[in-house]
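User: Could you walk me through this model before I set anything up on it? I'd like the fold, the ligand site and any odd backbone spots.

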Amino acid sequence: MDVRFDQAGTSFDGRTAVHPLSLSLTERRIGIIGLNGSGKTTFARMINGLVQPSQGRVTVNGFDTGADGEAVRGQVGFIFQNPQNQIILPILREDIELGLRGRKLTRGQMQDRVNGVLARFSIGHLADRRVHELSGGELQLAALASVLVTEPPIVILDEPTNQLDLRNRTLVERTLRALDEDVLVISHDLPLIEDYDRVLLFHEGRIVADGRPEEVVAEYRKIAVS
Ligand SMILES: Nc1ncnc2c1ncn2[C@@H]1O[C@H](COP(=O)(O)OP(=O)(O)OP(=O)(O)O)[C@@H](O)[C@H]1O
(Lines give C-alpha, C1' and ligand atoms only; values in the text may rest on other atoms or scores of the structure.)
Protein backbone atom coordinates (compact mmCIF):
# COMPACT_ATOMS: atom_id res chain seq x y z
CA MET A 1 0.00 0.00 0.00
CA ASP A 2 1.02 3.59 -0.40
CA VAL A 3 -0.89 5.74 2.08
CA ARG A 4 0.42 9.21 2.86
CA PHE A 5 -0.65 11.70 5.48
CA ASP A 6 0.69 15.18 4.88
CA GLN A 7 0.08 17.27 8.00
CA ALA A 8 -3.42 15.75 7.98
CA GLY A 9 -5.59 15.94 11.06
CA THR A 10 -9.24 16.22 11.90
CA SER A 11 -11.54 17.77 14.46
CA PHE A 12 -15.20 17.27 15.30
CA ASP A 13 -17.05 20.32 16.59
CA GLY A 14 -13.77 22.00 17.52
CA ARG A 15 -12.44 18.93 19.39
CA THR A 16 -9.37 17.36 17.82
CA ALA A 17 -9.77 13.64 17.17
CA VAL A 18 -6.54 13.23 15.19
CA HIS A 19 -3.82 15.86 15.55
CA PRO A 20 -2.07 16.83 12.28
CA LEU A 21 0.42 14.15 11.37
CA SER A 22 2.67 13.24 8.48
CA LEU A 23 3.52 9.66 7.70
CA SER A 24 3.77 7.15 4.95
CA LEU A 25 2.40 3.61 5.19
CA THR A 26 3.88 1.15 2.72
CA GLU A 27 3.96 -2.14 4.63
CA ARG A 28 1.69 -5.05 3.77
CA ARG A 29 0.21 -5.63 7.22
CA ILE A 30 -0.23 -2.78 9.65
CA GLY A 31 -1.85 -2.90 13.09
CA ILE A 32 -3.36 0.05 14.94
CA ILE A 33 -3.72 -0.12 18.70
CA GLY A 34 -4.57 2.25 21.52
CA LEU A 35 -7.07 2.98 24.26
CA ASN A 36 -10.75 3.60 23.56
CA GLY A 37 -11.32 7.02 22.05
CA SER A 38 -7.64 7.52 21.11
CA GLY A 39 -8.40 8.25 17.43
CA LYS A 40 -7.84 4.87 15.74
CA THR A 41 -11.15 4.65 13.89
CA THR A 42 -11.03 8.30 12.86
CA PHE A 43 -7.52 7.80 11.46
CA ALA A 44 -8.67 4.70 9.53
CA ARG A 45 -11.72 6.52 8.19
CA MET A 46 -9.47 9.30 6.95
CA ILE A 47 -7.74 6.69 4.78
CA ASN A 48 -10.85 5.70 2.86
CA GLY A 49 -12.23 9.24 2.77
CA LEU A 50 -15.16 8.60 5.10
CA VAL A 51 -13.69 11.31 7.30
CA GLN A 52 -12.07 14.23 5.51
CA PRO A 53 -9.06 15.97 7.05
CA SER A 54 -9.86 19.36 8.57
CA GLN A 55 -6.34 20.27 7.52
CA GLY A 56 -3.60 18.75 5.36
CA ARG A 57 -4.16 15.95 2.86
CA VAL A 58 -4.31 12.19 2.65
CA THR A 59 -3.46 10.19 -0.46
CA VAL A 60 -3.96 6.50 -1.15
CA ASN A 61 -2.02 4.87 -3.98
CA GLY A 62 -1.69 8.37 -5.46
CA PHE A 63 -5.36 9.38 -5.13
CA ASP A 64 -6.37 12.28 -2.90
CA THR A 65 -9.18 11.31 -0.49
CA GLY A 66 -10.78 14.73 -0.98
CA ALA A 67 -10.47 15.25 -4.71
CA ASP A 68 -10.59 11.61 -5.86
CA GLY A 69 -13.02 10.10 -3.35
CA GLU A 70 -14.47 7.56 -5.73
CA ALA A 71 -11.06 6.31 -6.82
CA VAL A 72 -10.01 6.05 -3.16
CA ARG A 73 -13.08 3.97 -2.31
CA GLY A 74 -12.08 1.61 -5.12
CA GLN A 75 -8.66 1.22 -3.50
CA VAL A 76 -9.78 0.74 0.10
CA GLY A 77 -12.35 -1.76 1.37
CA PHE A 78 -13.54 -0.99 4.90
CA ILE A 79 -15.03 -3.50 7.29
CA PHE A 80 -16.77 -1.73 10.13
CA GLN A 81 -16.75 -2.53 13.81
CA ASN A 82 -20.25 -4.01 13.59
CA PRO A 83 -20.41 -5.90 10.30
CA GLN A 84 -24.18 -6.37 10.61
CA ASN A 85 -24.47 -2.62 9.98
CA GLN A 86 -22.76 -2.84 6.63
CA ILE A 87 -24.63 -5.79 5.21
CA ILE A 88 -27.65 -4.25 3.55
CA LEU A 89 -29.61 -6.99 1.81
CA PRO A 90 -31.25 -9.85 3.73
CA ILE A 91 -29.68 -12.73 1.81
CA LEU A 92 -25.89 -12.99 1.79
CA ARG A 93 -25.52 -13.76 -1.93
CA GLU A 94 -27.62 -10.70 -2.82
CA ASP A 95 -25.58 -8.50 -0.54
CA ILE A 96 -22.31 -9.63 -2.09
CA GLU A 97 -23.74 -9.05 -5.58
CA LEU A 98 -24.74 -5.53 -4.59
CA GLY A 99 -21.07 -4.50 -4.52
CA LEU A 100 -20.75 -5.44 -8.18
CA ARG A 101 -23.77 -3.51 -9.44
CA GLY A 102 -22.89 -0.75 -11.82
CA ARG A 103 -19.92 -2.70 -13.14
CA LYS A 104 -20.28 -3.87 -16.68
CA LEU A 105 -20.47 -7.58 -15.87
CA THR A 106 -22.75 -10.17 -17.41
CA ARG A 107 -25.00 -12.16 -15.10
CA GLY A 108 -22.64 -15.14 -15.48
CA GLN A 109 -19.52 -13.10 -14.70
CA MET A 110 -21.23 -11.64 -11.66
CA GLN A 111 -22.18 -15.10 -10.38
CA ASP A 112 -18.64 -16.37 -10.96
CA ARG A 113 -17.22 -13.48 -8.94
CA VAL A 114 -19.70 -14.05 -6.10
CA ASN A 115 -19.14 -17.81 -6.05
CA GLY A 116 -15.39 -17.24 -6.16
CA VAL A 117 -15.37 -14.99 -3.11
CA LEU A 118 -17.75 -17.31 -1.21
CA ALA A 119 -15.42 -20.24 -1.92
CA ARG A 120 -12.39 -18.18 -0.92
CA PHE A 121 -13.78 -17.75 2.59
CA SER A 122 -15.36 -21.23 2.72
CA ILE A 123 -18.83 -19.77 3.20
CA GLY A 124 -20.56 -21.09 0.09
CA HIS A 125 -22.99 -22.93 2.37
CA LEU A 126 -24.13 -19.58 3.78
CA ALA A 127 -24.88 -17.98 0.39
CA ASP A 128 -28.64 -18.30 0.59
CA ARG A 129 -28.95 -17.81 4.35
CA ARG A 130 -30.54 -14.78 5.98
CA VAL A 131 -27.78 -12.48 7.14
CA HIS A 132 -29.43 -11.73 10.48
CA GLU A 133 -29.29 -15.44 11.34
CA LEU A 134 -25.51 -15.73 10.92
CA SER A 135 -23.18 -16.13 13.89
CA GLY A 136 -20.65 -13.41 14.74
CA GLY A 137 -17.77 -15.22 13.04
CA GLU A 138 -19.84 -16.06 9.98
CA LEU A 139 -20.89 -12.43 9.79
CA GLN A 140 -17.26 -11.25 9.85
CA LEU A 141 -16.43 -13.58 6.98
CA ALA A 142 -19.59 -12.48 5.14
CA ALA A 143 -18.57 -8.82 5.52
CA LEU A 144 -15.09 -9.65 4.21
CA ALA A 145 -16.61 -11.41 1.21
CA SER A 146 -18.95 -8.46 0.51
CA VAL A 147 -16.02 -6.05 0.55
CA LEU A 148 -13.42 -8.19 -1.22
CA VAL A 149 -15.70 -9.10 -4.13
CA THR A 150 -14.90 -5.64 -5.52
CA GLU A 151 -11.17 -6.50 -5.30
CA PRO A 152 -9.83 -3.47 -3.41
CA PRO A 153 -6.04 -3.71 -3.01
CA ILE A 154 -6.21 -2.44 0.60
CA VAL A 155 -8.57 -3.69 3.29
CA ILE A 156 -9.16 -1.93 6.60
CA LEU A 157 -10.79 -3.91 9.39
CA ASP A 158 -12.04 -2.21 12.53
CA GLU A 159 -11.85 -4.65 15.46
CA PRO A 160 -12.56 -7.77 13.41
CA THR A 161 -12.38 -10.16 16.37
CA ASN A 162 -14.42 -8.05 18.77
CA GLN A 163 -17.05 -10.12 20.58
CA LEU A 164 -16.06 -13.37 18.90
CA ASP A 165 -15.64 -16.60 20.82
CA LEU A 166 -12.33 -18.43 20.65
CA ARG A 167 -13.34 -20.58 17.71
CA ASN A 168 -14.61 -17.70 15.59
CA ARG A 169 -11.68 -15.54 16.60
CA THR A 170 -9.29 -18.25 15.43
CA LEU A 171 -11.24 -18.57 12.19
CA VAL A 172 -11.08 -14.83 11.48
CA GLU A 173 -7.39 -14.67 12.50
CA ARG A 174 -6.54 -17.50 10.16
CA THR A 175 -8.53 -15.91 7.33
CA LEU A 176 -6.78 -12.57 7.81
CA ARG A 177 -3.38 -14.22 7.79
CA ALA A 178 -4.15 -15.82 4.43
CA LEU A 179 -5.34 -12.61 2.72
CA ASP A 180 -3.27 -11.49 -0.27
CA GLU A 181 -4.54 -7.92 0.04
CA ASP A 182 -2.70 -5.30 2.09
CA VAL A 183 -4.39 -5.03 5.46
CA LEU A 184 -4.70 -2.39 8.11
CA VAL A 185 -6.29 -3.76 11.25
CA ILE A 186 -7.50 -1.84 14.29
CA SER A 187 -7.58 -4.20 17.21
CA HIS A 188 -7.68 -4.58 20.96
CA ASP A 189 -6.81 -8.25 20.33
CA LEU A 190 -3.03 -7.91 20.62
CA PRO A 191 -2.08 -11.46 19.54
CA LEU A 192 -3.81 -10.73 16.23
CA ILE A 193 -1.19 -8.15 15.25
CA GLU A 194 1.86 -9.73 16.94
CA ASP A 195 3.53 -10.72 13.66
CA TYR A 196 2.45 -7.66 11.63
CA ASP A 197 5.04 -5.63 9.73
CA ARG A 198 4.32 -2.41 11.57
CA VAL A 199 2.14 -1.27 14.45
CA LEU A 200 0.98 2.26 15.27
CA LEU A 201 0.00 3.20 18.82
CA PHE A 202 -2.53 6.00 19.16
CA HIS A 203 -2.89 8.01 22.34
CA GLU A 204 -5.08 11.08 22.69
CA GLY A 205 -5.22 11.63 18.94
CA ARG A 206 -1.50 11.24 18.32
CA ILE A 207 0.75 8.41 17.20
CA VAL A 208 3.02 7.90 20.20
CA ALA A 209 4.79 4.73 19.06
CA ASP A 210 5.36 3.32 15.59
CA GLY A 211 7.42 0.24 14.83
CA ARG A 212 7.69 -3.46 15.42
CA PRO A 213 4.78 -5.10 17.24
CA GLU A 214 6.65 -6.13 20.40
CA GLU A 215 8.12 -2.65 20.95
CA VAL A 216 4.85 -0.86 20.32
CA VAL A 217 2.79 -3.27 22.43
CA ALA A 218 5.28 -2.72 25.29
CA GLU A 219 4.62 1.04 25.05
CA TYR A 220 0.88 0.39 25.01
CA ARG A 221 1.14 -1.63 28.22
CA LYS A 222 2.89 1.33 29.89
CA ILE A 223 0.12 3.71 28.81
CA ALA A 224 -2.57 1.29 29.92
CA VAL A 225 -1.37 1.26 33.52
CA SER A 226 -0.39 4.94 33.77
N1 LIG B 1 -18.42 11.63 14.07
C2 LIG B 1 -17.92 12.09 15.22
N3 LIG B 1 -18.43 13.22 15.79
C4 LIG B 1 -17.92 13.71 16.94
N5 LIG B 1 -16.90 13.14 17.61
C6 LIG B 1 -16.36 12.04 17.10
C7 LIG B 1 -16.84 11.43 15.89
N8 LIG B 1 -16.09 10.32 15.63
C9 LIG B 1 -15.21 10.22 16.64
N10 LIG B 1 -15.35 11.25 17.52
C11 LIG B 1 -14.54 11.48 18.73
O12 LIG B 1 -13.17 11.41 18.36
C13 LIG B 1 -12.41 10.74 19.35
C14 LIG B 1 -11.70 9.55 18.74
O15 LIG B 1 -12.67 8.55 18.40
P16 LIG B 1 -12.32 7.23 17.62
O17 LIG B 1 -13.61 6.54 17.31
O18 LIG B 1 -11.43 7.57 16.48
O19 LIG B 1 -11.51 6.41 18.72
P20 LIG B 1 -11.02 4.90 18.75
O21 LIG B 1 -9.59 4.93 19.16
O22 LIG B 1 -11.34 4.23 17.47
O23 LIG B 1 -11.89 4.30 19.94
P24 LIG B 1 -12.49 2.81 20.24
O25 LIG B 1 -11.31 1.92 20.58
O26 LIG B 1 -13.35 3.08 21.44
O27 LIG B 1 -13.25 2.36 19.03
C28 LIG B 1 -13.40 10.37 20.46
O29 LIG B 1 -13.32 11.36 21.45
C30 LIG B 1 -14.73 10.39 19.77
O31 LIG B 1 -15.76 10.70 20.68
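Analyst: What follows goes through the chain as a whole, its sheets, the ligand shell and a few single residues.

User: What should I know about the source and the numbering?

Analyst: This is a predicted model, in which local features need pLDDT of at least 70 and side-chain atom pairs count only at pLDDT 80 or more, while totals for chains, interfaces and linings use all residues. Residues are numbered from 1 along each chain as its sequence is written.

User: ok, how many helices and strands does the chain have?

Analyst: The chain has seven helices and ten strands, where helices (H or I, at least four residues) and strands (E, at least two) are DSSP runs numbered from the N terminus. The radius of gyration is 18 Å, close to the 17 Å that the globule rule gives for 226 residues, so the chain is as compact as a globular protein of that length; the radius is taken over C-alpha atoms, and the rule is 2.2 Å times the number of residues to the power 0.38.

User: And what does the C-alpha trace span along its principal axes?

Analyst: The C-alpha trace of the chain spans about 50 × 40 × 30 Å along those axes. Of the 226 residues, 42% count as buried, a class that requires 20 or more other C-beta atoms within 10 Å of a residue's own, with 12 or fewer making it exposed, anything in between partly exposed, and C-beta atoms placed from the backbone.

User: Now the sheets. What is the strand order in the one with six strands?

Analyst: That open sheet has the order S6-S7-S8-S3-S9-S10 with mixed pairing, and two strands pair if DSSP finds at least two bridges between them. Strand S6 (76–79) and strand S10 (206–211) are at the edges with a single partner strand each, so one side of each is left without a neighbour in the sheet. Neighbouring strands of this sheet are turned by 15° against each other on average, direction ignored; axes here are lines fitted to C-alpha atoms, for helices over the stretch in contact, and angles run from 0 to 180 degrees between N-to-C directions.

User: Which helix packs on it?

Analyst: Helix H5 (residues 136–148) packs on the sheet and touches S6 and S7, with its direction at about 160° to that of S6; contact means that the C-beta atoms of two residues, placed from the backbone, lie within 7 Å. Within the sheet, S7 (residues 154–158) and S8 (residues 182–186) pair in the parallel sense over five bridges, and Ile154 stands opposite Asp182 in S8.

User: Is Phe78 in S6 buried or exposed?

Analyst: Phe78, which is found in strand S6, counts as buried because it has 21 C-beta neighbours inside 10 Å. Leaving out residues up to four places away in sequence, Phe78 touches Asn48 and Ile156.

User: What about the sheet of four strands?

Analyst: That one is also open, with the order S2-S1-S4-S5 and antiparallel pairing. S2 and strand S5 (63–64) stand at its edges, each with a single partner strand, so one side of each has no neighbour in the sheet. S1 and strand S4 (residues 55–60) run antiparallel and are joined by five bridges, with Phe5 opposite Val58 and Val3 having Val60 as its bridge partner in S4. Val60 also stands opposite Phe63 in S5. S4 and S5 form a hairpin with two residues between them, and Asn61 in the turn has a positive phi of about 45°.

User: Switching to the ligand: which residues surround it?

Analyst: The ligand is surrounded by Phe12, Ala17, Gly34, Asn36, Gly37, Ser38, Gly39, Lys40, Thr41, Thr42 and Phe202, the criterion being a C-beta atom, placed from the backbone, within 6 Å of the molecule. Helix H1 (residues 40–47) gives the most to this shell, with three residues.

User: How does the shell split by class?

Analyst: It has three nonpolar, seven polar and one charged residues, where Ala, Val, Leu, Ile, Met, Phe, Trp, Tyr, Cys and Pro count as nonpolar, Asp, Glu, Lys and Arg as charged, and the others, Gly among them, as polar.

User: Last thing, what about phi at Asp13 and Ser122?

Analyst: Asp13 has a positive phi of about 50° although it is not a glycine, and it sits in the loop between strand S1 (3–12) and strand S2 (15–25). Asp13 counts as exposed because it has 5 C-beta neighbours inside 10 Å. Ser122, likewise not a glycine, has a positive phi of about 55° and lies in the loop between helix H4 (107–120) and H5. Ser122 has 11 C-beta neighbours inside 10 Å and therefore counts as exposed.
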